[in-house]
Amino acid sequence: MKPRDRLRIAMQKSGRLTEPALELLNRCGLSFRQSRDKLFCFGEGEPVDLLLVRDDDIPGLIAQGVCDLGIVGRNVLNEYQLTAGLDAAPLSEWRPLGFGRCRLSIAVPQELDYQQPKQLAGTRIATSYPGLLGQWLRGHGIEAGVVTLAGSVEIAPRLGTADAICDLVQSGGTLVANQLREAEVLLESEAVLAGPQVLPTDERGDMIELLLKRLDGVIQVRE
Ligand code: PRT
Ligand code: ZN
């Protein structure tokens, strides 16, 4: 790959994390001009550009070295680490960013008298997070069917394609609307700054260190 002298950060193009991520970068003193196709934002002062993509693509872009850093949910980062395979470059969570908070939870039908994980044995659980769910099930010694769905996970029990779900929960409103209730929390998530485990040794590494310093200042003020 061609060496780059500008830092490139991947972030969500359009979704829950877009606005707070841009605001945070602005508060770190970075400003951008968007390209016409809205896929790229050129850094105006500092040599830092943004690549605007689907959140699910962010860990892979960092692992491939297409981007140096990414702003992504811990849920997406951890799922990638568990499912990307051994060849993929390992990534690190460099900083928690304090927005996009939610949890990855198992939810069961409201009428089920849920008491303990053991009750999930032999059930089918629908999820978009087969890696994280599989890890939790193994950790609890539970054998259950994992039904991987790309979206609309919460309606699977009503459709009869699953007995329970494992999905992101924030207010809990979606669960209530689907007659489900939270049974187990697998992961507390928020947006994080993700990057390679080892920083590049060129100017980009220096730029990352500077960015981390500014980020720590901004986060400290906010807390
Ligand atoms: O297009 P792209 O793939 O980039 O977007 P996306 O649709 O995959 O992502 P998006 O914008 O929905 O979410 C981006 C990230 O925001 C997630 O990966 C999480 O890290 C974080 N986040 C925070 C959430 C939520 N809160 C959230 N509530 N992501 C999704 N939800 C959904 C959840 O899946 C469920 O359908 O909202 C519903 C539950 O919300 P409550 O409030 O009803 O409990
Ligand atoms: Zn996504």
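These legends go with a set of close-ups of a predicted model.

**Figure 1. The whole chain, before we zoom in.** The secondary structure adds up to seven helices and twelve strands. Measure the C-alpha trace along its principal axes and the spans come to about 55 × 35 × 35 Å. Of the 223 residues in the chain, 35% are buried. Among contacts with a separation of 6 or more, 65% link residues 24 or more positions apart.

**Figure 2. The sheet of seven strands.** Reading across this open sheet, the order is S2-S3-S4-S1-S5-S12-S6, and the pairing is mixed. S2 and strand S6 (91-96) sit at the edges, each pairing on one side only. Ignoring direction, neighbouring strands here are turned by 25 degrees against each other on average. At the S6 edge, S6 and S12 run antiparallel and are joined by five bridges. For a residue pair to look for, take Leu91, whose bridge partner in S12 is Pro196.

**Figure 3. Helix H1 and its two faces.** H1 covers residues 18-27, and its buried residues are Ala21, Leu24 and Leu25. Looking down the axis of H1, these buried residues fall within an arc of 95 degrees, so they line one face of the helix. That fits the usual helix arithmetic: an α-helix has 3.6 residues a turn, so residues three or four places apart point the same way. Turned away from the buried side is a face with the exposed residues Glu19, Glu23 and Asn26. What do the buried residues of H1 pack against? Their partners are strand S1 (7-12), strand S5 (69-73), strand S12 (191-196) and helix H7 (203-222). Just past the end of H1, Gly29 has a positive phi of about 85 degrees.

**Figure 4. The largest nonpolar core, centred here on Ile71.** This core has 32 residues, and the members touching the most others are Ile9, Ile62, Ile71, Val72 and Ala194. Which elements supply at least two residues each? They are S1, H1, strand S4 (48-53), helix H2 (58-63), S5, helix H3 (74-83), S12 and H7. Leaving out residues up to four places away in sequence, Ile71 touches Ile9, Met11, Leu17, Ala21, Leu97, Ala191 and Leu193. There's also a second, separate core of 22 residues, with Leu104, Leu120, Ala162 and Ile165 among its members.

**Figure 5. The sheet of five strands, with H3 packed on it.** This one is an open sheet too, in the order S9-S8-S10-S7-S11 and with mixed pairing. Its edge strands are strand S9 (145-148) and strand S11 (180-189), which each pair on one side only. From one strand to the next, the twist averages 25 degrees. Strand S7 (residues 102-109) pairs with S11 in the antiparallel sense, over eight bridges. Within that pairing, look for Arg103 opposite Glu188 of S11. H3 packs on this sheet, where it touches S7, strand S10 (164-169) and S11, and its direction makes about 75 degrees with that of S11. H3 also lies across S5, S6 and S12, running at about 105 degrees to S5.

**Figure 6. The S8-H4-S9 crossover.** Strand S8 (residues 124-127) and S9 run parallel, joined by four bridges. Arg124 stands opposite Gly145 in S9. How does the chain get from S8 to S9? It goes through helix H4 (residues 130-139), making a right-handed β-α-β crossover.

**Figure 7. Two loop residues with positive phi.** Most residues other than glycine have a negative phi, which makes a pair of loop residues worth a look. Lys38, in the loop between strand S2 (32-34) and strand S3 (40-43), has a positive phi, near 60 degrees. Buried or exposed? Lys38 has 10 C-beta neighbours inside 10 Å, so it counts as exposed. Gln179 isn't a glycine either, yet its phi is positive at about 55 degrees. You'll find Gln179 in the loop between helix H6 (173-177) and S11. With 13 other C-beta atoms within 10 Å, Gln179 is partly exposed.

Methods: Residues are numbered from 1 along each chain as its sequence is written. Chains are lettered from A and ligands numbered from 1 in the order in which they are written. This is a predicted model: local features need pLDDT of at least 70, side-chain atom pairs count only at pLDDT 80 or more; totals for chains, interfaces and linings use all residues. A residue is buried if 20 or more other C-beta atoms lie within 10 Å of its own, exposed if 12 or fewer, and partly exposed in between; C-beta atoms are placed from the backbone. The arc is that of the directions from the helix axis to the C-beta atoms. Two residues are in contact if their C-beta atoms, placed from the backbone, lie within 7 Å. A nonpolar core is a set of buried Ala, Val, Leu, Ile, Met, Phe, Trp, Tyr and Cys residues joined through C-beta atoms within 7 Å. Two strands pair if DSSP finds at least two bridges between them. Axes are lines fitted to C-alpha atoms, for helices over the stretch in contact, and angles run from 0 to 180 degrees between N-to-C directions. A crossover is right-handed if, with the strands pointing away from the viewer, the path from the first strand over the helix to the second runs clockwise.
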